[in-house]
Amino acid sequence: MEEFKRGRVPYILCEGCGHRFFYVRDRCPKCHGRKLNVELSSGEGTVYSITEFNGVFYGIVEMKEGFRLYTNFRGEVKIGDKVKAIPGKGRPEFERVA
Ligand SMILES: [Zn+2]
């Protein structure tokens with residue numbers, strides 16, 4: 001997706017209840033509304049949880065806009081670290097903001 005190349009992370013905003021979520025679904029998981037818009041996140045967030053597997057850190061990032069997504073990190077991160085999306089071509093990866 002073009003957005004990832006600029007480090008922006010698309011998400012879905014429900015018009016009915018204002019709920020924001022990452023995964024593409026045909027209905028809002030909260031109010032089951034179908035008026036869903038694609039918005040672009042700043043790409044900034046905070047590490048919410050982490051798991052390490054073979055030296056790679058995976059986990060959930062709570063984005064500035066208030067939705068969460070599962071991702072992998074470049075380098076080591078701790079819970080509570082500020083992170084940002086790395087511009088790339090596929091799904092978002094995150095690294096710690098210095
Ligand atoms: Zn909704």
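Start at Met63 in this predicted model. Setting aside residues up to four places away in sequence, Met63 touches Val9, Ser41, Gly45, Arg68 and Leu69. Three of these names will come back as we go, so keep Val9, Gly45 and Leu69 in mind. Gly45 is a good one to follow, since Met63 in E5 stands opposite Gly45.

That pair belongs to a longer match: E4 and E5 run antiparallel and share eight bridges. The two strands form a hairpin with two residues between them, and there Asn54 takes a positive phi near 50°. Now go back to Gly45 and look the other way. Val83 in E7 stands opposite Gly45, and E4 (residues 44-53) pairs with E7 in the antiparallel sense over three bridges. Thr46 has a partner in E7 too, namely Lys82.

E7 itself is worth a pause, for its two faces. Val83 and Ala85 make up the covered face, while Lys82 and Lys84 make up the uncovered one. Put that beside the pairings with E4: Gly45 stands opposite a residue of the covered face, Val83, and Thr46 stands opposite one of the uncovered face, Lys82. From E7 you can step on to E8 (residues 93-96), again antiparallel, with three bridges joining the two strands. One of the links there is between Ala85 and its bridge partner in E8, Phe94.

Where does this walk from strand to strand lead? Five strands close into a barrel, in the order E4-E5-E6-E8-E7, and the pairing is mixed. On average, neighbouring strands of this sheet are turned by 50° against each other, direction ignored.

Next, the core. Which residues make up the largest nonpolar core? There are eleven of them: Val9, Tyr11, Val47, Val61, Met63, Phe67, Leu69, Phe73, Val83, Ala85 and Phe94. At least two of these residues come from each of E1, E5, E6 (68-74) and E7 (82-85). In soluble globular proteins, nonpolar side chains tend to be buried together. Plenty of the residues we have already met turn up here: Met63, our starting point, is in the core, and so are Val9 and Leu69, both of which Met63 touches. The covered face of E7, Val83 and Ala85, belongs to the core as well, and so does Phe94, the bridge partner of Ala85.

E1 brings us to the other sheet. This one is open, with three strands in the order E2-E1-E3 and antiparallel pairing. Its edge strands are E2 (20-21) and E3 (36-41), each of which pairs on one side only. E1 (residues 9-14) pairs with E2 over two bridges, in the antiparallel sense, and Phe21 in E2 stands opposite Ile12.

Between E2 and E3 there is a loop, and Cys31 is found in it. Is Cys31 buried, exposed or partly exposed? It has 14 other C-beta atoms within 10 Å, so it counts as partly exposed. Leaving out residues up to four places away in sequence, Cys31 touches Cys14, Gly16, Cys17 and His19. Tyr48, by contrast, is 17 residues from Cys31 along the chain, and their C-alpha atoms are separated by 24 Å.

For another residue to look at, go to Tyr58, which lies in E5 (residues 56-63). Tyr58 has 13 other C-beta atoms within 10 Å and is therefore partly exposed. Beyond its neighbours within four places in sequence, Tyr58 is in contact with Thr51, Phe53 and Asn72. The C-alpha atoms of Tyr58 and Lys35 are separated by 31 Å, and the two residues are 23 apart along the chain.

Finally, zoom out to the whole protein chain. It has one helix and eight strands, and from the N terminus on the elements run α-β-β-β-β-β-β-β-β. The radius of gyration is 14 Å, close to the 13 Å that the globule rule gives for 98 residues, so the chain is as compact as a globular protein of that length. Along its principal axes, the C-alpha trace spans about 40 × 25 × 20 Å. Of the 98 residues, 18% count as buried. As for contacts between residues at least 6 apart in sequence, 35% of them join residues at least 24 apart.

Methods:
Residues numbered from 1 in each chain as written. Predicted model: local features only at pLDDT ≥ 70, side-chain atom pairs only at ≥ 80, totals over all residues. Pairing = 2+ DSSP bridges. Helix = DSSP H or I, 4+ residues; strand = E, 2+ residues; numbered from the N terminus. Rg over C-alpha atoms; globule rule 2.2 N^0.38 Å. Buried ≥ 20, exposed ≤ 12 C-beta atoms within 10 Å, placed from the backbone. Contact = placed C-beta atoms within 7 Å. Core = buried A, V, L, I, M, F, W, Y, C linked by C-beta atoms within 7 Å. Axes fitted to C-alpha atoms, helices over the stretch in contact; angles between N-to-C directions.
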